[in-house]
Amino acid sequence: MSKRNLTRRQTLATIGKGAALAGAATLGMPAIVRAQSGPIKLGFLSGLTGLETILGETQLNCFELAVSQINAASGIAGRQVEFIVEDDQTTTKGAIEKARKLINQDQVDATIGLIASLTHVAARSVTTPAKKLLMYTTYYEGEVCERYFFSTGQIPNQQIDPSVEWLTANEGKTTYIIGSDYVWPRKSADAIRASMEAKGGKVLDAEFFPFGTSDFGPALDRVKSANPDFVWCMCAGNDLITFLKQFNSFGLGKQLFSQGLDDVFSQAEPELTNGAISNQAYFMGIDSEANNAFKKAYGDMFGADKPINAIGEAAYNAVYLYKAAVEKAGTTETEAVIDALGQVSFDAPQGTVGFAANNVARSNSILARANNGAWDVINNYGQVDPVVAGCSL
Amino acid sequence: MTTTTMPSALGRLTQRRKLGPAFIVAIVVVIVLAVLPAFAEGYALTSYRDVLLFALFALSLDLFWGKTGILSFGHATFFGLGAYGIAITAIHFEIDPSIVSLVGMLVGVGMAAGVALVVGYFILYGGVRGAYFTIVTLALTLIANHVAVGWPAVTGGDSGLIGVPPISIFGWTLADPISSYYLALTVLAACLFGSMWVMGGRLGLILTAIQDDEIKVRTLGYKTPFLLLMTFAASASMAAVAGGLYAAANGFVAPDMIALLLSTEVIIWVAVGGSGTLIGAVIGTAIVWWLQQKISSINASAWPIAIGSFFILLVLVFPKGPAAFVIDRIRHLRREEGADR
């Protein structure tokens, strides 16, 4: 009996050793070899289906454009770039599961992408504890201060504050906020309130609606009776289109501001967006050599009629900034790359961009009005340094 | 119809003491699952753990649907209540970390059982059966989902809640992949064998009889609505346990966990394994999960089409599941052979 037990234990031990050896073989030595010589692996994670479908494709295209340009020009530090695309479906569940897959199963060197803020919250809950680099490329509510999180889109002091300054001086002192119900509109509304009050203005009310809301009629009725000088909309993705349709047919006669509007929306819905004001770091109309080359390369790869927006341009920039950081650090090791990211810059389509000490990119602030699909610049505030209260990394 | 089923029910009564094929399969499955961690590393193991928890969820549905023949289209409600129960308890209330997951599980399971008892009381005692029961429970999921999405102060709205602590039993935290895997397996095995034992006994026979002819069973003196209600509540509680463990293991809760899609998926899992066998629910979940991995890696958009087509086949061709369909065919052939002799 005891003899039998012993053999069984030995068998188990052998299996265990085998498994341990196999584990070491896949995780240990070859991983180090792979990390410094094989291709660099990037994960692209974003909302390719669901609420943000309208924006996801452009973001992925810009990411792919950057990778293919880099690979055509001998890669990052001589290594080719591979990428894995994952769809977070603009859900917390999707973002968490796919971020886990990218960093654990695919073992990517960095993850780039994301649109709706709820997905950056979700993805960060995976990447930051795992000490993996995450680069977010959409304008958002700011307030994040984490070593492993970098963002190449605008935050409120680059997007909301300059807009409020112009709006309060030219449109009036009161606004009414209508937004989707999640972290970006809610936290941005706080920033808008603070900004409006600093300029002697007032947010009359803020209302938030679940994803997929189909009827904004009652809310527009309340906007009408509150009678603000302009309406501020922060509905996300496809819900923004629904809102625009109802806003226009309601005939409120108020100026509309939404920092969610960009070339993708204006070219998809030129009539609905006409006259609306937005603020982005990038519009296709920017006349510079870098932007013309960018637009041409994008058109050659995906079709000349395809629009580009700030989220896409920021994804393009993120890949190039990552490239610069890896080349500066001389390794893809996350800690070294993060240290290097703060010191590199890239001549982006919008101008030269780089990260401030809070891991947010210095980016443009361009206030513009939609005009039949294009954007007429009202005021270009130039490049603005990002401010995240109490954050220095 | 009834004359043929009565002897079969009696026949099963005499067979009861022998190990049924389902029981042997269950033992084999649990043993295989118990040694699985030796062959899987961290990330794969967390995926397997999630499959086990979904299998527990499927088992809970099979406990009701498979045994009573009444299809609940609202089981994600109970899974979700379990998940939201532990998440809300852990995030919105300041409870001693050593007992918070137990309190959270109790809250979630309590809510699920409560909802099942209240809703079940009105519809089961009201004589609602068959398709009408399915429709009412379908509405239940929609309502629950609306509450989860439309009450952001408590539920986190569309974003859900992130930061649910892992299961911790009096300071012993089951956070790493291996211990959370074995926790899931232990609970699944306990629920599986528990359900098989109970359903292999008198209650299982009565429920089978209710499936055939409820009025006859009631005439024999059994309080059939009460028995159905208790089975429904037990099933809901088990679903809530699965949901609570899932939320704790993955660290978040989101409206996907209390949505109609999940209610539909769980029906497919059970159906693939064959409803009424209990162990079939576990196997079905694993098969569907495996297929989903394979098909999604070929083409991400192929999966919804594949599962949608399967669902149509399920309704039209084999309403009792592919396994039962094949067994029925074989039996049918044998019977024909027997008739020829």
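The following exchange concerns a predicted model and discusses chain B, its contact with chain A, and the largest nonpolar core.

Biologist: What radius of gyration does chain B have, and with which value should it be compared?

Modeller: Along its principal axes, the C-alpha trace of chain B spans about 70 × 45 × 40 Å. A compact globule with 341 residues would have a radius of gyration near 20 Å, so the value for chain B agrees with that expectation. The radius of gyration of chain B is 20 Å.

Biologist: How many helices and strands does chain B have?

Modeller: Buried residues make up 43% of the 341 residues in this chain. Among contacts in chain B between residues at least 6 apart in sequence, 79% join residues at least 24 apart. As for its elements, chain B has 15 helices and 4 strands.

Biologist: Which elements of chain B give two or more residues to the side that touches chain A?

Modeller: In this interface, 19 residues of chain B are in contact with 20 residues of chain A. By class, the side belonging to chain B has 9 nonpolar, 7 polar and 3 charged residues. The elements that give two or more residues to that side are α3 (42-68) and α6 (130-150) of chain B.

Biologist: Where does the largest nonpolar core lie with respect to domains 2 and 3 of chain A?

Modeller: This core has 210 residues, and B:A55, B:L56, B:A58 and B:L59 have the most contacts inside it. B:L59 touches residues including B:C191, B:L192, B:M238 and B:V282. Domain 2 (34-155 + 285-365) and domain 3 (157-280) of chain A both give residues to the core, so it lies between them.

Technical notes: Residues numbered from 1 in each chain as written. Chains lettered and ligands numbered in written order. Predicted model: local features only at pLDDT ≥ 70, side-chain atom pairs only at ≥ 80, totals over all residues. Core = buried A, V, L, I, M, F, W, Y, C linked by C-beta atoms within 7 Å. Buried ≥ 20, exposed ≤ 12 C-beta atoms within 10 Å, placed from the backbone. Domains from an automatic or database assignment. Contact = placed C-beta atoms within 7 Å. Nonpolar A, V, L, I, M, F, W, Y, C, P; charged D, E, K, R; others polar. Rg over C-alpha atoms; globule rule 2.2 N^0.38 Å. Lists of a residue's contacts leave out its neighbours within four places in sequence.
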